[in-house]
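Reader: I have a model open in front of me and would like to learn how to read it, step by step. Could you show me the chain and take me from the whole fold down to a single residue?

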Amino acid sequence: MKCDAEDLMPRMLPVEFGEGSTDVDLKAPPRNPQEYLRQVQLEASLCPEVAVAQIDPKKLKKKKQTVNASVAECHAAPVGFCPSLSWQRQQVGHFSDVRQSIAKNRKHWSSHNLDDNVLMPKLTDEEGWKRFCLGEKVYLGTSPSHTDAEPEAALDYSKVGFPPFQSIVSRLNQSTVLMVLETLITWFEEQDFIPQLGRWLYALLACLEKPLLPEAHSSIRQLARRCAQLRSTLESQEDEKLPALNLLICLVARYFEQNDLADQPE
């Protein structure tokens, strides 16, 4: 027996069909509210009860087609590498103060003129943002060792990357903040951690508005997992990367409430 949906659910906008209502022209614009509602009802009555998608099986064989998806777990901190709960709370409080300061002074800093050598990339220029944030030496893979670095090189921001000055990050809207954050996290997936990357990740997280968009959730969780994975490979608690990795994990888990990724002190 065919089940009529109208027998189960009352109409939210009851409009009776009068004489000639079956001759309603769906292609013509309605002349009044009643005619518009009649068009809507007629269109609904013409829709099939069951719609079947026509899928081409050949398209499912492409390399980019994802059949099975797995979610990587977050590596637990090795013994002695996990920060204390009081340290985590202290970092969250300081981070909250930084965010409030940026929001309060955004208009002031964004009105400052940038130096002539600061040429910010376009929104869609991912490679340009990598070069801008990390510098040509890191981007091109020619970063010298600490012993070979020239003292004056630190002043050439095109080579070592522009720091996330407030006059720069205050100019970034949320679309740009998220795009640059995703770009740097993707780069980090295949590269080692460097201080310049940490400074930019911290600044971008400080500019990321809440509530988070779904893509922002995914990106920061990816960041925390990568930090935890890299931390698990460290051989010493004195490694200079450890505080920065712990800090990023802490902010993602504690401030942005991704609690399942949070470090649990021994």
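Reader: How many of the contacts in the chain between residues at least 6 apart in sequence join residues at least 24 apart?

Author: A contact list can be sorted by how far apart its partners lie in the sequence. In this chain, which is a predicted model, 71% of the contacts between residues at least 6 apart in sequence join residues at least 24 apart.

Reader: Which secondary structure does the chain have?

Author: One counts the helices and the strands, and here the count comes to 11 helices and zero strands. As for burial, 34% of the 266 residues count as buried, while the chain exposes about 17900 Å², of which carbon and sulfur atoms supply 53%.

Reader: How should I read a single helix, such as H11, and is it largely enclosed or open?

Author: One can begin with length: the 14 residues of H11 should span 20 Å at 1.5 Å a residue, and this agrees with its end C-alpha atoms, which are 19 Å apart. For burial, a residue is called buried when its relative accessible area is under 20%; because 11 of the 14 residues of H11 are buried, the helix is largely enclosed by the rest of the structure. Among these buried residues are Asn-246, Cys-250 and Tyr-255, and what covers the buried residues of H11 includes the helices H3, H8, H9 and H10. Just after H11, Glu-257 takes a positive phi of about 60°.

Reader: At what angle do H10 and H11 pack, and which residues make the contact?

Author: A helix pair is described by an angle, a distance and a handedness. H10 (residues 214-231) and H11 (residues 242-255) pack at about 150° with their axes 9 Å apart, and H10 passes H11 in a left-handed crossing. The contact includes Ile-220, Leu-223 and Cys-227 of H10, together with Leu-245, Leu-248 and Val-252 of H11; by class, this contact has 11 nonpolar, one polar and two charged residues.

Reader: Why does Leu-247 count as buried, and what does it touch?

Author: For one residue, accessibility is compared with the cut-off. Leu-247, which lies in helix H11, has 17% relative accessibility and therefore counts as buried. Leaving aside residues up to four places away in sequence, Leu-247 touches Trp-87, Gln-91 and Tyr-202. Leu-247 and Pro-83 are 164 residues apart in sequence, yet their C-alpha atoms are 8.9 Å apart in space.

Notes: Residues are numbered from 1 along each chain as its sequence is written. This is a predicted model: local features need pLDDT of at least 70, side-chain atom pairs count only at pLDDT 80 or more; totals for chains, interfaces and linings use all residues. Side-chain values use heavy atoms; hydrogens and water are left out. Axes are lines fitted to C-alpha atoms, for helices over the stretch in contact, and angles run from 0 to 180 degrees between N-to-C directions. Helices (H or I, at least four residues) and strands (E, at least two) are DSSP runs, numbered from the N terminus. A crossing is left-handed if the near helix is turned anticlockwise from the far one by less than a right angle, and right-handed if clockwise. Contact means heavy atoms within 4.5 Å. Ala, Val, Leu, Ile, Met, Phe, Trp, Tyr, Cys and Pro count as nonpolar, Asp, Glu, Lys and Arg as charged, and the others, Gly among them, as polar. Buried means under 20% relative accessible area, exposed over 50%, partly exposed in between (1.4 Å probe, protein chains only). The expected span of a helix is 1.5 Å times one less than its number of residues. Accessible areas come from the Shrake-Rupley method with a 1.4 Å probe; for residues, only the protein chains shown count as cover.
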